[in-house]
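Please walk through the fold of this protein, from its overall dimensions down to a few individual residues.

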Amino acid sequence: MNLAQPRTDRYYSREEFRRWCEAQTKGRYERVDGWIVAMAPERGAHLRVKGAIYKALDRAVTAAGVPCQALPDGATVETGDSDYEPDALVNRGEPMADDAVAAPNPVIIVEVLSPGTTSTDTGGKLADYFRVPSVAHYLIVHPTRRTVTHHRRTGEGIDTRIIVNGPITMAPPGIVITAEEIYGDV
């Protein structure tokens with residue numbers, strides 16, 4: 001297997017993908033339906049919002065005293081033939097092991113939109129993330145247009161709310177963050 005560039009004419013298993021990623025000296029990648037996809041560089045607004053949401057989730061987990069761990073980008077969420085790297089997540093239960101790359105029990109997943117990812121984040125990833133039984137919430141955050149789309153698993157399916165101000169309540173695991181924490185008190 002050529003470790004410099006992925007072959008674009010074949011499916012990669014999760015194990016092959018991980019070996020390939022470990023051999024890379026730069027860049028970030030996801031495995032989508034078995035194919036390796038490069039992740040684009042992130043812009044300033046994206047980075048600021050991503051950092052703010054991670055801090056808000058970490059604060060909320062600590063304040064609620066729930067058995068969870070907020071994680072910044074880098075942790076993988078495994079969904080069938082795809083391995084995604086969301087911008088932040090909350091893992092429920094035991095903390096992610098020191099040598100693990102995948103969150104074992106993600107309950108909240110956050111993606112901050114980028115110019116090239118909107119259709120993927122609102123389409124394929126939305127469907128894939130809710131295939132993971134532990135996922136209860138998926139937040140899609142616009143980096144500049146004070147909008148959080150909160151998808152929440154219910155007994156009847158998926159409920160969706162658009163939030164521009166105020167609390168974002170996520171139970172389980174029993175935490176609350178606010179739009180103001182993400183975007184500031186503008």
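The paragraphs below go from the whole chain to its sheet, and then to three residues.

The model is a predicted one. In secondary structure, the protein consists of five helices and twelve strands. Its radius of gyration is 16 Å, close to the 16 Å that the globule rule gives for 186 residues, so the protein is as compact as a globular protein of that length. Along the principal axes, the C-alpha atoms occupy a box of roughly 50 × 35 × 30 Å. The accessible surface amounts to about 9,500 Å², and carbon and sulfur atoms contribute 52% of that area. Of the 186 residues, 44% are buried. Among contacts with a sequence separation of 6 or more, 48% are between residues 24 or more positions apart.

Consider next the sheet. Six strands form an open sheet in the order 3-6-7-8-9-10, and the pairing is mixed. Strand 3 (68–72) and strand 10 (157–163) are the edge strands, each pairing on one side only. From one strand to the next, the twist averages 15°.

Both kinds of pairing can be seen at strand 7. Strand 6 (residues 88–92) and strand 7 (residues 106–112) run antiparallel and are joined by four bridges. Within this pairing, A88 has V110 of strand 7 as its bridge partner, and L89 stands opposite I109 in strand 7. Strand 7 and strand 8, by contrast, run parallel, with five bridges between them. One of the residue pairs here is V112 with its bridge partner V141 in strand 8.

How many of the seven residues of strand 7 are buried? The count is seven of the seven, so strand 7 is largely enclosed by the rest of the structure. Part of the sheet is also covered by a helix: helix 2 (residues 44–64) lies across strand 3, strand 6, strand 7 and strand 8 (137–141). The direction of helix 2 is at about 170° to that of strand 3.

E111 gives a closer view of strand 7, where this residue is placed. Is E111 buried or exposed? With a relative accessible area of 3%, E111 falls under the 20% limit and is buried. The side chain of E111 makes a polar contact of 2.7 Å with the side chain of Y129. Leaving out residues up to four places away in sequence, E111 touches a set of residues that includes E85, P86, D87, D121 and K125. Also touched by E111 are Y138, L139, I140 and V141.

Y129 leads on to another residue, since T79 touches Y129 as well. T79 is placed in strand 4 (residues 77–79) and is buried, with a relative accessible area of 7%. Apart from residues up to four places away in sequence, T79 also touches R14, Y84, D128 and V132.

The last residue to examine is G34, which sits in the loop between strand 1 (29–32) and strand 2 (35–38). Although G34 is in a loop, the residue is buried, with a relative accessible area of 0%. Its contacts, beyond neighbours within four places in sequence, are with R10, Y11, Y12 and D81. E85 has already appeared among the residues touched by E111; from G34, E85 is 51 residues away along the chain, and the two C-alpha atoms are separated by 14 Å.

Key: Residues numbered from 1 in each chain as written. Predicted model: local features only at pLDDT ≥ 70, side-chain atom pairs only at ≥ 80, totals over all residues. Heavy atoms only, no water. Pairing = 2+ DSSP bridges. Helix = DSSP H or I, 4+ residues; strand = E, 2+ residues; numbered from the N terminus. Axes fitted to C-alpha atoms, helices over the stretch in contact; angles between N-to-C directions. Contact = heavy atoms within 4.5 Å. Rg over C-alpha atoms; globule rule 2.2 N^0.38 Å. Buried < 20%, exposed > 50% of the residue type's maximum accessible area, 1.4 Å probe, protein only. Areas by Shrake-Rupley, 256 points an atom, 1.4 Å probe, with all protein chains shown as cover. Polar contact = N/O pair within 3.5 Å; in protein donor to acceptor, adjacent residues only side chain to side chain.
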